[in-house]
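Student: I am new to this structure and would like a close look at a single part of it. Please pick one stretch and show me how it fits in with what surrounds it.

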Amino acid sequence: MDQFLAFTVVGLSTAAIYAVIGSGLVLTHTTAGVFNFAHGAAGMLAAFSYWQLAVGWGWPVPLALAAVLLVLAPAFGLVVERVLMRPVQALGEAERLVMTVALLTGCIALARWVWDPDTARPLTPFLADRPAIRLGPATMTWHQAVTVAVAVAVAAALWFLLHRTRAGTEMRASVDDRALAGLTGADPLRAGRLAWILGIQLAAVGGVLIAPTVALDAQQLSLLIVSAYTAAVFGRLRSLPLTFLGAVVVGLLEAYLAGYLPRNDYLPGLRLAAPALLLLLALLAFPHRRLRGRDRRLVRVPLPTARGSLVFAGSVLLLALVLVTVLTEDGVVSYGTVFSLGIIALSFVPLAGFTGQVSLCQLSIAGIGAVAWGHLGPHGELWALPVAVLTAAVAGAVVALPALRLSGVYLALGTAAFAVILDRWVFTLPAFEVFGVRITLFDQGSVPVTGPDLFGLRLTSPSELLLLAACCLALVSLAVAALRRGRFGRRLIALRDSEAAYATLGGRPLGAKVAVFALSAGIAGLGGALYGMQLQTVTAEQFSLVAGLPLFLIAVIGGLGAVGTGLFVGIAFVVPAQLLGHLGPWAHDVSALLIALAGMGLAHSPAGVVPRMHAEWRRLADDRTLLPALLGVLALCWILAATGPVHDGLTLAVALVAAVALNARASARGRPPADVPVEWWGIRRTWRAEDGEVLRRATAAY
């Protein structure tokens with residue numbers, strides 16, 4: 001009984017922290033309509049800032065707390081609302097989700113860049129020098145007592161704010177109808193600004209309270225807030241009392257699992273994954289209309305032509321050939337993952353681009369494909385590759401279960417929870433048997449992965465594996481383009497536009513969702529297997545949720561509906577990191593920070609960069625004079641780089657300058673002169689098909 005009371009005290013103190021953080025999350029969502037995936041990262045930054053002031057610089061604790069909670073946190077919330085979230089307020093739910101995912105990635109990268117993750121930063125609990133408080137047979141530290149008191153004070157303050165002040169009334173009115181609230185004299189912008197400031201402040205309070213009890217690690221602190229997400233979902237993202245109740249359930253569950261879970265090799269990960277598992281169950285179990293999100297603004301999906309698809313596939317193969325002939329063996333190893341990661345990123349296109357189903361676990365599913373190939377094809381057995389792809393597709397069909405009743409941000413939450421369950425529990429399991437079949441994953445270590453045996457030709461060198469990955473990317477890109485042009489692709493886009501209309505016209509939404517999840521998971525599994533071949537050894541950390549977020553961000557930046565996004569993601573993810581890698585170990589965090597900043601610029605190009613690039617370079621591709629000139633310059637640069645008389649960097653610079661100059665020339669030649677008088681049509685500019693109709697209407701008016 002004494003042990004039970006002790007675990008209860010620990011669980012309630014942890015629940016108090018989750019309640020504080022979850023209440024800030026609910027406050028932001030109900031007022032601004034944004035589920036802030038970076039809520040935990042804001043608390044993490046507050047914890048690091050508090051350590052820097054109180055321990056690193058030796059400030060008094062009260063002064064450090066005041067600086068973090070009353071200055072830094074409100075300023076951060078104000079910047080997020082004004083600079084990041086307000087420009088995307090009129091866009092769809094997916095765009096707002098991407099903005100917060102970018103913020104999460106950027107905060108983690110910034111923290112790892114500023115504070116070395118290899119340095120321990122312990123924090124002393126509040127009032128640690130005082131004796132513990134006796135509660136019968138159990139004891140409570142003063143830090144735990146302060147935590148519970150803060151949670152009670154936050155609950156009372158939020159109730160008073162929302163029900164007894166004008167600002168709280170404006171916030172509640174803005175939730176129901178922003179336009180109507182504005183007509184009654186309320187200011188929705190002011191209400192949203194206040195909600196963001198208070199939400200970030202509550203996240204900062206939770207981060208400072210939980211930091212002394214865990215390791216001060218950027219990634220761990222940011223993902224600990226999954227428990228707060230679970231509490232918020234318990235409250236259906238609206239009710240603060242239910243959020244506090246959910247926090248109590250999560251906190252007690254974690255404490256009791258830590259105390260009573262049997263000690264063996266299979267269950268320790270279950271305790272770590274329990275909040276994510278509870279989050280997934282809560283999403284599936286709680287019936288509520290808000291669990292089905294809907295985009296306000298749908299982005300047009302490009303329609304690739306057969307000729308354009310073939311040209312793109314040929315360009316992929318040509319790029320691979322250039323890399324193999326120009327780069328050294330070390331360079332091929334460094335840049336070879338462009339194509340395998342591109343295949344993983346291409347799995348977002350049919351799922352998120354065509355169907356509008358946001359998934360954050362694609363890299364984790366790619367890990368399933370990699371580990372399946374590693375175990376089934378230890379000697380390069382070719383039959384193991386389609387089996388690995390099929391295994392990943394089955395995992396995708398399992399992930400599709402929450403998609404049958406969720407969408408938008410709630411589906412993103414469900415897939416993120418699935419990725420965390422894989423990271424913390426499934427991937428850490430030792431070998432086990434199911435119905436007599438022995439299943440081995442990472443087996444608490446690394447898995448060696450080798451190249452395939454193609455009809456007697458064993459592919460093991462980096463150059464051979466790079467060419468194999470490029471061929472697979474070209475073929476998968478052609479398949480995805482054909483899917484977009486085909487009947488099933490049009491059905492997927494219709495499903496994205498309106499599930500009700502799709503079902504009314506005879507479609508089966510549930511079957512289509514399961515099929516597209518399985519298809520995208522199979523593509524990700526293929527990419528994961530090829531990625532593992534190039535790495536030669538894979539670990540579970542390489543396929544975690546946090547590792548997959550930059551891939552998702554770059555895919556969004558490129559354009560989720562564009563087939564060329566796969567190659568774009570591979571280049572944008574690998575090349576900057578390798579170029580900056582020569583500067584030091586911190587360059588990886590700088591690269592991730594740049595990706596996050598690019599993702600935050602989504603409001604300026606919600607359709608993606610790849611369609612814009614296609615439109616800007618279309619004139620050069622159609623110019624029969626300038627295009628051969630560009631191809632000649634590129635061929636000359638390739639020959640010079642391959643033979644070695646000229647430095648690779650110089651030839652690359654010459655090729656880029658020539659391409660930009662010729663594209664500018666093609667754009668200038670194709671642009672018609674402005675304000676050409678009607679009598680000079682066909683002389684000073686080319687005659688157009690619509691000019692005759694314009695002239696007929698003009699003369700008919702007289």
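**Helix 24 and its surroundings**

Tutor: Let's start with the length of helix 24: at 1.5 Å a residue, its 14 residues should span 20 Å, and its end C-alpha atoms are 20 Å apart, so the two values agree. The expected span is 1.5 Å times one less than the number of residues. Helices here are DSSP runs of H or I with at least four residues, strands are runs of E with at least two, and both are numbered from the N terminus.

Before we go on, a word on the model: it is predicted, so local features need pLDDT of at least 70 and side-chain atom pairs count only at pLDDT 80 or more, while totals for chains, interfaces and linings use all residues. Residues are numbered from 1 along each chain as its sequence is written, and side-chain values use heavy atoms, with hydrogens and water left out.

How is helix 24 placed? Of its 14 residues, 13 are buried, so helix 24 is largely enclosed by the rest of the structure. Buried means under 20% relative accessible area, exposed means over 50%, and partly exposed lies in between, with a 1.4 Å probe and protein chains only. After helix 24 comes G559, with a positive phi near 120°.

Helix 24 also borders an empty space. Rolling a probe the size of a water molecule over the atoms shows where such space is left. There are five cavities of 30 Å³ or more in the structure, and the second largest has a volume of about 130 Å³. A cavity is a set of points, on a 1 Å grid over the protein atoms alone, where a 1.4 Å probe fits but cannot get out; lining residues have an atom within 4 Å of a point. Points are joined across faces, edges and corners, and the volume is the space filled by probe spheres set on them.

The second largest cavity has 15 lining residues, and F37, V226, Y229, A416 and L545 are the ones nearest its centre. Helix 24 (545–558) gives two or more residues to this lining, as do helix 4 (93–114), helix 9 (218–224), helix 10 (226–234) and helix 19 (408–424). Helix 19 supplies the largest share, four residues. By class, 14 of the lining residues are nonpolar, one is polar and none is charged. Ala, Val, Leu, Ile, Met, Phe, Trp, Tyr, Cys and Pro count as nonpolar, Asp, Glu, Lys and Arg as charged, and the others, Gly among them, as polar.

F37, from that lining, turns up again in the largest nonpolar core: of its 187 residues, F37, M44 and F339 touch the most other members. A nonpolar core is a set of buried Ala, Val, Leu, Ile, Met, Phe, Trp, Tyr and Cys residues joined through side-chain atoms within 4.5 Å.

Now look at I557. Beyond neighbours within four places in sequence, G599 is in contact (heavy atoms within 4.5 Å) with I557, M99 and A102. G599 belongs to helix 26 (residues 587–600) and counts as buried because its relative accessibility is 3%. Its C-alpha atom is separated by 9.3 Å from that of G106, although the two residues are 493 residues apart along the chain.

Key
On a 1 Å grid over the protein atoms alone, a cavity is a set of points where a 1.4 Å probe fits but cannot get out, and a pocket is an open set with protein on both sides within 12 Å along at least five of seven lines; lining residues have an atom within 4 Å of a point.
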